[in-house]
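Reader: I should like to understand how the terms used for a protein model are justified. May we go through some of them in turn?

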Amino acid sequence: GSSKKILVIAIVALAVVVCVLVGVLFGMASNNNGQASPSPSSEQTSTNDNASAASPSDTSDKAPSASSSSSDDKELYSTLAGYYDRLGSYDSAISDAAKSFNANYMSKSSSTRSSYAESASSLQESIAQDYSLLKSLTVPSSSRYSSCYSAMLTCYYDCTQRIGVIVEAWGNSLKYSDPTGHSDEICAPLSRDKSGNSNKYYTEFNQTYPAAKPSTPDTHN
């Protein structure tokens, strides 16, 4: 009887040990499976959220609105229209200066010639100043005003050359107290820029001037 009891106790004890070992092994297997698929960290989640949140604002910064583009067009048009209007005035003023020169460069009155010479110099300075400011404008090649801006620059350059030779010729005239007999020397600058019967810069101006007029911006944009 004692032997049977000892055997039963041994079997029960062995069964308990086996159960404990099985439980330990099962727990370890469960932990390993949990580490194979970790959940996203809070740092990763935060980074993804920030990237998503940044997208709309970045897009809006890089893509200007239609109203902004329209406003830029109107502002540039207003600026170029002002230069174009003054360009027409300069053209008329240069023509008047040329007429005054032709009528007075042989005058024996030095004060008369000096007065017209000063007037021509003042006109030259005004044109040069506007031309310099016009060149400093930023007009992208993609702008609708790129071609008229280029034509306007050409016209302003032509004006500087047209008034320049008149001022130079007046300077020659004032070298003489009596310009009689010195017509060729006085008018040398004018002859230099002649092409046919006209000043070459005047011809170029007339050919380019219509293309220099800026078109009114589309108010529907």
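Reader: Which atom does a side-chain oxygen of Asn199 reach at the start of H8?

Author: In this predicted model, the side-chain oxygen of Asn199 comes to within 2.7 Å of the backbone nitrogen of Tyr201. A polar contact is a pair of N or O atoms within 3.5 Å.

Reader: Which residues of helix H8 are called buried?

Author: In H8, which spans residues 200-208, they are Tyr201, Phe205 and Thr208. Buried means under 20% relative accessible area.

Reader: What puts these buried residues on the same side of H8?

Author: They cover an arc of only 75° around the axis, and therefore they lie on the same side of H8.

Reader: Why are H4 and H5 called roughly antiparallel?

Author: The axes of H4 (residues 110-135) and H5 (residues 146-173) cross at roughly 155° and come within 9 Å. Angles over 145 degrees count as roughly antiparallel, and H4 and H5 are therefore given that description. The contact of H4 with H5 comprises 17 nonpolar, five polar and three charged residues.

Reader: What is the handedness of the crossing of H4 and H5?

Author: H4 passes H5 in a left-handed crossing.

Reader: Why does Glu118 count as exposed or buried, whichever applies?

Author: Glu118, which lies in helix H4, has a relative accessibility of 58%. Exposed means over 50%, so Glu118 counts as exposed.

Reader: How far apart are the C-alpha atoms of Glu118 and Val167?

Author: Their separation is 8.5 Å, while the two residues are 49 residues apart along the chain.

Note on methods. Residues numbered from 1 in each chain as written. Predicted model: local features only at pLDDT ≥ 70, side-chain atom pairs only at ≥ 80, totals over all residues. Heavy atoms only, no water. Axes fitted to C-alpha atoms, helices over the stretch in contact; angles between N-to-C directions. Helix = DSSP H or I, 4+ residues; strand = E, 2+ residues; numbered from the N terminus. Parallel < 35°, antiparallel > 145°, perpendicular 65-115°, else oblique. Left-handed = near helix turned anticlockwise from the far one by under 90°. Nonpolar A, V, L, I, M, F, W, Y, C, P; charged D, E, K, R; others polar. Buried < 20%, exposed > 50% of the residue type's maximum accessible area, 1.4 Å probe, protein only. Arc of directions from axis to C-beta. Polar contact = N/O pair within 3.5 Å; in protein donor to acceptor, adjacent residues only side chain to side chain.
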